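Work through the exercises below with the model open. Try each task before reading its solution.

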Amino acid sequence: MLYPCPMNASTLPLTIDRRFRGFLPVVVDVETGGFDARTDALLEIAAIIIEMDEEGILHPGEATSVHVEPFPGANLDPKALAFTGIDPHHPFRFAQPEKEALETIFKPVRQAVKASGCNRAVLVGHNAFFDLGFLNAAVERTGIKRNPFHPFSTFDTVSLAGLAYGETVLAKAAAAAGMDWDNSEAHSALYDTQKTAELFCLIVNRWRKLTLLDSAAENATPAAPPPD
């Protein structure tokens, strides 16, 4: 169960720039050749920009995903590759060099930040520090100057799911939220990003609904006492 905090319904923001204080949530997932962002290869990255409708309800936008060529000298841990099922050298991956891959992800994010009136994108992830660490390391390696993401702030669906559903594993949190889950698709950047985006929107939308209900109950006019 989620516990709403008191909030006046008339002051609830209905634009995404006001909802998150100038941050635009963008869900990101990466698949890698290990756990060390400085030495291990970035192999896949996917991003979904979160959108808000006129009712203040969040929805996942379109996904952008790309396969990434291991940077020169990158470590590829066989255990990590076995876990993800990625063959970094498969010819049909159509992988892009890191800088090109990052620009493929960053271009629509920059456009959305500007169009929404936000100041910066904020990364939403499941164990977000991991995804942001690899993103920041790749930005540093490639020398990209216009990284649209905040360098350290994130929204982590591990914490949100733990609060909302008592689960921290993505598959279990998705099940607790009533979402579909396909184990055969898991651990690809695109699928995990889609499910993380869905989970994030479910939790935030549910919180907003409860705050509206709570505010309406607090502001309800008390019934007149029955006549003597």
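**Exercise 1. Place Ala47 and list its contacts.**

Leave aside the neighbours within four places in sequence. Ala47 is then in contact with Val26, Val27, Val28, Glu62, Ala63, Thr64, Ile105 and Thr193. Contact here means heavy atoms within 4.5 Å. Ala47 itself lies in strand β2, residues 42-52. Helices (H or I, at least four residues) and strands (E, at least two) are DSSP runs, numbered from the N terminus. Ala47 has 5% relative accessibility, so it counts as buried. The cut-offs are under 20% relative accessible area for buried, over 50% for exposed, and partly exposed in between, with a 1.4 Å probe and protein chains only. One partner deserves a distance: the C-alpha atoms of Ala47 and Thr64 are 5.3 Å apart, with their positions 17 residues apart in sequence.

Two notes on the values. This is a predicted model, in which local features need pLDDT of at least 70, side-chain atom pairs count only at pLDDT 80 or more, and totals for chains, interfaces and linings use all residues. Residues are numbered from 1 along each chain as its sequence is written, and side-chain values use heavy atoms, with hydrogens and water left out.

**Exercise 2. Approach the Ala47 contact from Thr193. Which element holds Thr193, and which residues does Thr193 touch?**

Start with the element: Thr193 sits in helix α7, residues 189-219. Next, take the accessibility. Thr193 has a relative accessible area of 0% and is therefore buried. Finally, list the partners, again without neighbours within four places. They are Val27, Val28, Asp29, Ala46, Ala47 and Ile48.

**Exercise 3. Describe the surroundings of Thr32.**

Thr32 belongs to strand β1, which covers residues 23-32. Its relative accessible area is 6%, so Thr32 is buried. Now look at its side chain. A polar atom there lies 2.5 Å from the backbone oxygen of Gly34. That pair fits the definition of a polar contact: N or O atoms within 3.5 Å, where within protein one must be able to donate a hydrogen and the other to accept it, and residues adjacent in sequence count only if both atoms are side-chain atoms. Beyond four places in sequence, Thr32 touches Ala41, Leu42, Leu43, Ala80, Phe130 and Phe134.

**Exercise 4. Is Ala37 buried or exposed, and which residues does Ala37 contact?**

Ala37 lies in the loop between β1 and β2. Its relative accessibility is 15%, so Ala37 counts as buried. Leave out neighbours within four places, and the contacts are Gly133, Phe134, Ala137 and Arg141. For a distance check, use Asn75. It is 38 residues from Ala37 in sequence, and the C-alpha atoms are 10.0 Å apart.

**Exercise 5. Analyse the packing of α3 against α4.**

Step one is geometry. Helix α3 (residues 98-116) and helix α4 (residues 128-142) pack at about 120°, with axes 9 Å apart. Axes are lines fitted to C-alpha atoms, for helices over the stretch in contact, and angles run from 0 to 180 degrees between N-to-C directions.

Step two is the class. The two helices, α3 and α4, are therefore oblique to each other. Under 35 degrees is roughly parallel, over 145 roughly antiparallel, 65 to 115 roughly perpendicular, and the rest oblique.

Step three is the residues. From α3 come Glu98, Lys99, Leu102 and Phe106; from α4 come Leu135, Ala138, Val139, Arg141 and Thr142. This contact divides into five nonpolar, one polar and three charged residues. Ala, Val, Leu, Ile, Met, Phe, Trp, Tyr, Cys and Pro count as nonpolar, Asp, Glu, Lys and Arg as charged, and the others, Gly among them, as polar.

**Exercise 6. Inspect two loop residues with positive phi.**

Arg21 has phi near 55°, a positive value in a residue other than glycine. It is placed in the loop between α1 (16-19) and β1. With 74% relative accessibility, Arg21 counts as exposed.

Asn127 is not a glycine either, and its phi is about 65°. Its loop runs between β4 (120-125) and α4. Asn127 has a relative accessible area of 37% and is partly exposed.

**Exercise 7. Summarise the fold. How many helices and strands does the protein have?**

The count is seven helices and five strands. Along the sequence the pattern reads α-β-β-β-α-α-β-α-β-α-α-α. Buried residues make up 44% of the 228 residues.
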